[in-house]
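This briefing sets out selected features of the structure shown below, grouped by topic for use at the bench.

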Amino acid sequence: MNKPPAALPATALALTLTLAACSGNGDSADSNGSSAASGTTVSHIHALGLDPADERLYVATHEGVYTPDASGEPELVGDSKDDFMGFTVAGDKTFYASGHPTSGGNKGLIKSTDAGETWTSLSLSGESDFHALESAHGTVYGYDSTNGLVRTTKDGVSWKDGARLEALDIAVSPGDPGVVLATTAEGVARSSDGGETFAPGKGPVTAFLSWTAKDGLYGIDTSGGLNRSTDGGTTWKKVSTVPGGRPQALTAVGAEHVLAATQTGVFESKDGGGTFKKRLAVTSSGGH
């Protein structure tokens, strides 16, 4: 049940896994975005979030966490230009993240309580790189890409290991802490026991998932097609195609409020994906 997915051709799995690859040696993303007036370049985006304290947008990238300044240009938060892979907003000014220091290695789980200005190491430093993090039901759920494991923690220090599988992203039911979804090459895999085991993937092959409202589960495929499920992933309906090409991140803020990052920018929809407005431009600088 927890074996790596193999139902699709290897090329499909390779394409999917490429989206979350960590590398400083080049990216296939093109450069259709626009550079900030200050010369700041936001390269490959790994995650998005809105701080509920002020609805400010935060963008976790290969070279630090950014937020739009007063003129809408990307501004580095704090002084860290580390590679932020997994990233999630847990509450007012409270973020969890993972990734790689500029010096190399793995960050494990880190936490900020000042909206990303400073970070504290909590656990697994040097051991784990979480490519996906979710905070829900008083628990942090993570996909540890270093070890191919779904893992959970309530205190940020002690971890419970779950299923071993090849996945890109995870999402947690807003109403049931036991229901966890994962994107695999077979489709969306479902767990009903908090990530301990997963049924084989089915449905649309999806790169990223996000689930904040009961009837607002969203998934984006490798070409930018946005799908929505109102029944927890049993059935899906394509809503639209997000502008800008290949997707890099997806966050559902609410049932109708969605953020998506593609090759050319961060786009926001407040009508369930019907229409999108660019919130931040992106220029590829060659990093994943």
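Arg151 has a relative accessible area of 10% and is therefore buried, the cut-off being under 20%. The model is a predicted one. The points below begin with the salt bridges and then turn to pockets, a strand pairing and backbone geometry.

**Salt bridges around Arg151**

- The side chain of Arg151 meets that of Asp161 in a salt bridge, with an N to O distance of 2.7 Å.
- Arg151 belongs to strand 11 and Asp161 to strand 12, so this pair ties together parts that are 10 residues apart in sequence.
- Asp161 has a relative accessibility of 40% and therefore counts as partly exposed, whereas Arg151 is buried.
- A network of salt bridges links Asp144, Arg151 and Asp161.

**Other salt bridges**

- The search of the whole structure finds 6 salt bridges.
- One of them joins the side chains of Lys107 and Asp82, at 2.7 Å from N to O.
- Lys107 is located in the loop between strand 6 and strand 7 (109-112), and Asp82 in the loop between strand 4 (74-76) and strand 5, so the contact ties together parts that are 25 residues apart in sequence.
- Lys107 and Asp82 are both buried.
- A salt bridge also forms between Arg279 and Glu268, whose closest N and O atoms are 3.1 Å apart.
- Arg279 is in strand 23 (residues 277-281) and Glu268 in strand 22 (residues 265-269), so this pair ties together parts that are 11 residues apart in sequence.
- With a relative accessible area of 26%, Arg279 is partly exposed, while Glu268, at 11% relative accessibility, counts as buried.

**Largest pocket**

- The largest pocket holds about 730 Å³ of space.
- It is lined by 39 residues, of which Thr88, Leu133, Glu134, Ser210 and Thr251 are the closest to its centre.
- At least two lining residues of the largest pocket come from each of strand 1 (45-51), strand 5, strand 9, strand 16 (208-213) and strand 20 (247-252).
- Strand 5 gives the most to this lining, with 7 residues.
- By class, the lining of the largest pocket comprises 24 nonpolar, 12 polar and 3 charged residues.

**Second largest pocket**

- About 190 Å³ of space lies in the second largest pocket.
- Its lining consists of 16 residues, and the closest to the centre are Thr139, Tyr141, Thr152, Lys160 and Gly194.
- Two or more lining residues of the second largest pocket are given by each of strand 10 (139-144), strand 11 (149-153) and strand 12 (159-164).
- Strand 11 gives the most to this lining, with 4 residues; Arg151 of the salt bridge to Asp161 also lies in strand 11.
- The lining of the second largest pocket has 3 nonpolar, 7 polar and 6 charged residues.

**Strand 20 and its partner**

- In strand 20, 6 of the 6 residues are buried, so this strand is largely enclosed by the rest of the structure.
- Strand 20 is also among the strands that each supply at least two residues to the lining of the largest pocket.
- Strand 20 pairs with strand 21 (residues 258-262) in the antiparallel sense, over 5 bridges.
- Pro247 has Thr262 of strand 21 as its bridge partner.
- The connection from strand 20 to strand 21 is a hairpin through 5 residues.

**Positive phi angles outside glycine**

- Most residues other than glycine have a negative phi.
- Lys93 is not a glycine, yet has a positive phi of about 60°.
- Lys93 is found in the loop between strand 5 (83-91) and strand 6 (94-100).
- The relative accessibility of Lys93 is 37%, and this residue therefore counts as partly exposed.
- Leu124 likewise has a positive phi of about 60° although it is not a glycine.
- Leu124 lies in the loop between strand 8 (120-123) and strand 9 (130-136).
- Leu124 has a relative accessible area of 14% and is therefore buried.

Technical notes:
Residues numbered from 1 in each chain as written. Predicted model: local features only at pLDDT ≥ 70, side-chain atom pairs only at ≥ 80, totals over all residues. Heavy atoms only, no water. Buried < 20%, exposed > 50% of the residue type's maximum accessible area, 1.4 Å probe, protein only. 1 Å grid on protein atoms, 1.4 Å probe; cavity = no way out; pocket = protein on both sides within 12 Å on 5 of 7 lines; lining within 4 Å. Points joined across faces, edges and corners; volume = space filled by probe spheres on them. Nonpolar A, V, L, I, M, F, W, Y, C, P; charged D, E, K, R; others polar. Salt bridge = Lys/Arg side-chain N within 4 Å of Asp/Glu carboxyl O. Pairing = 2+ DSSP bridges.
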